[in-house]
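Biologist: Before I plan anything around this fold, could you take me through the reasoning behind the terms you use for it?

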Amino acid sequence: MFDFLDGDDLDDGDDGDDGDDGDDGDDGDDGDAFDAELAEATIVYCPYCGESVELLLDASGGETQEYVEDCEVCCQPWSVRVTIDHDGGAHVDVNALDE
């Protein structure tokens, strides 16, 4: 199962030195805004327990993505297939892993 972390959950490696080195990590491109546009949430239904689960999709993974993810409710493994069309729309198929 994927664990998605927000910025507050990440270890920033703070060693107690609060000195500013002047590098804010901004290399001129607006990568954060771009990444936000690529991530999209959709609701899927577990093929085992039938519960609805929010699934985060990432278009930067390519037009066709296949992976295994566990249900957040019943922990059964799913086979997930995501297809991104040319307009950026996503089609998601979630099936029992043993199908």
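Modeller: In this predicted model, Gln65 stands opposite Val82 in S4, within the antiparallel pairing of strand S3 (residues 64-70) and S4.

Biologist: What makes S3 and S4 a pair of strands?

Modeller: Two strands pair if at least two bridges are found between them, and S3 and S4 have 7 bridges, so they count as paired. In their hairpin, which has 6 residues between the strands, Cys75 takes a positive phi near 65°.

Biologist: How do you know that S4 and strand S5 (residues 90-96) pair as well?

Modeller: The argument rests on the same cut-off of at least two bridges: S4 and S5 have 7 bridges in the antiparallel sense, and therefore they pair. Ser79 stands opposite Asn95 in S5, while Gly88, in the hairpin with 5 residues between these strands, takes a positive phi near 90°.

Biologist: Which residues form the covered face of S4, and which the uncovered one?

Modeller: The covered face consists of Trp78, Val80, Val82 and Ile84, whereas Pro77, Ser79, Arg81 and Thr83 form the uncovered face.

Biologist: Why is the set that includes Trp78 and Val80 called a nonpolar core?

Modeller: The term requires buried residues of nonpolar types, joined through side-chain atoms within 4.5 Å; Trp78 and Val80 belong to such a set, the largest nonpolar core, with 12 residues in all, so the name applies. Strand S2 (52-58) and strand S4 (77-84) are the elements that give two or more residues to this core, and S4 gives the most, with 4 residues.

Terms used. Residues numbered from 1 in each chain as written. Predicted model: local features only at pLDDT ≥ 70, side-chain atom pairs only at ≥ 80, totals over all residues. Heavy atoms only, no water. Buried < 20%, exposed > 50% of the residue type's maximum accessible area, 1.4 Å probe, protein only.
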